[in-house]
Amino acid sequence: MRSVAKVVGYLYIIQISAGMTIWLSTYFPGIDILLSILYFLVITLELSNNRLEYKKWGLVAVFWQGPWLIVSLISQLRPGSYAFFLLQFWNTPFIPLLSCISFNIKGTPFYYYMLLIMPVILGLYVGIVYKYTKIKSAGCSRTENRIARQR
Amino acid sequence: MFTGDVGYGKLEVFFTPISFEGLEPGDIILGGYPGCSYGRFSHAGIYMGDEKVIEAYVDLGITIQSIFHYWDYKEICLLKVNAEREKKEAAVEYLEDMIGRLFYPTAFKPGDRIWNCSKIIWKAYYQQGIDLDDSGDFWVSPDMFYNTTFTTVIREANS
């Protein structure tokens, strides 16, 4: 069983490596979108391949996205500061996908709101993957039990 | 990569009044804060007439703003783009269709989804057959507009 620190560590390594790669790939429009989708698949796999308990999944969400939720809040408390820049750089892996949608809500672009709530979205995504993984593993164990009974 | 201040990160307001007289739609306005990491000027906008500027910011994307906020910068420079009036107006029209597009500070030249304040101006003129970047770099910075042979300084101010 992996520890929370190990899972969060892997998620940070994936996010930083993906951020660099996807930023460079924006030089080749189109490839950046493919890599952005690939990044999303990789974090989904990383999350679903661990066997953490319910509470530990919550800790993964908190340690992975909690600091960025604070940065997001700072960007609102100190407009014009570096906080929103930092938030945008951190979410570089999602930039190609966000750049595909361009419309304004009350004079502010859609991507701005998305970047602000991204820590919440990704935190909730951890919960969604947990729920899906739990259902899947419950299904597996039912099958395993049936096979064991048949023996 | 960056060793000084980047973009908007300054909360200081320098009052540098400069007259905007003589600007035509399509001309360029540069603003600079001291210690900027990527050159003398940290921001660029394109004049669209009626005291309005098309520019790009991290939190607003490509946007239309009042020209007077340039007085907040420590250094201001007004540049005349040496091109036919039709091309300059076409450059402004090109950008009017881009409002709300995504800003990313280190946007590369290729592509039309990811922008920064300098790339929008460079691309608007590139579409008209004018390359404002003499250096042929991977990306565009405000200083390139100051250094290109396609522009002439109308007026400069430093507080």
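## Strands, cores and a buried aspartate in a predicted two-chain model

In chain B, strand β5 (residues 75-81) is mostly covered, with six of its seven residues buried, where buried means under 20% relative accessible area, exposed over 50% and partly exposed in between, computed with a 1.4 Å probe on protein chains only. This is a predicted model in which local features need pLDDT of at least 70 and side-chain atom pairs count only at pLDDT 80 or more, while totals for chains, interfaces and linings use all residues. Residues are numbered from 1 along each chain as its sequence is written, chains are lettered from A and ligands numbered from 1 in the order in which they are written, and side-chain values use heavy atoms, with hydrogens and water left out.

Helices (H or I, at least four residues) and strands (E, at least two) are DSSP runs numbered from the N terminus, and two strands pair if DSSP finds at least two bridges between them. The pairings of β5(B) are set out below.

| Partner of β5(B) | Sense | Bridges | Residues standing opposite |
|---|---|---|---|
| β1(B), residues 28-32 | antiparallel | five | I28(B) and L79(B) |
| β8(B), residues 151-158 | antiparallel | seven | T152(B) and K80(B) |

I28(B) also appears among the contacts of I121(B) (contact means heavy atoms within 4.5 Å), which, leaving aside neighbours within four places in sequence, further include A44(B), G45(B), I46(B), L132(B) and F145(B). The largest nonpolar core, a set of buried Ala, Val, Leu, Ile, Met, Phe, Trp, Tyr and Cys residues joined through side-chain atoms within 4.5 Å, has 74 residues, of which V60(A), I121(B) and F145(B) touch the most other members. Helix α6 (residues 110-150) of chain A supplies the largest share of this core, 12 residues. Another core, of 15 residues, lies apart from it and includes F20(B), I67(B), Y70(B) and I76(B).

In chain A, helix α4 (residues 83-90) is largely enclosed by the rest of the structure, because six of its eight residues are buried; these are A83(A), F84(A), F85(A), L87(A), Q88(A) and W90(A).

D32(A), placed in helix α2 (residues 31-48) of chain A, has 0% relative accessibility and therefore counts as buried. Its side chain is joined to that of R113(B) by a polar contact of 2.8 Å, a term for a pair of N or O atoms within 3.5 Å in which, within protein, one must be able to donate a hydrogen and the other to accept it, residues adjacent in sequence counting only if both atoms are side-chain atoms. A polar atom of the D32(A) side chain also lies 2.8 Å from the backbone nitrogen of G30(A). Not counting residues up to four places away in sequence, D32(A) touches I22(A), S25(A), T26(A), P96(A), R113(B) and I114(B).
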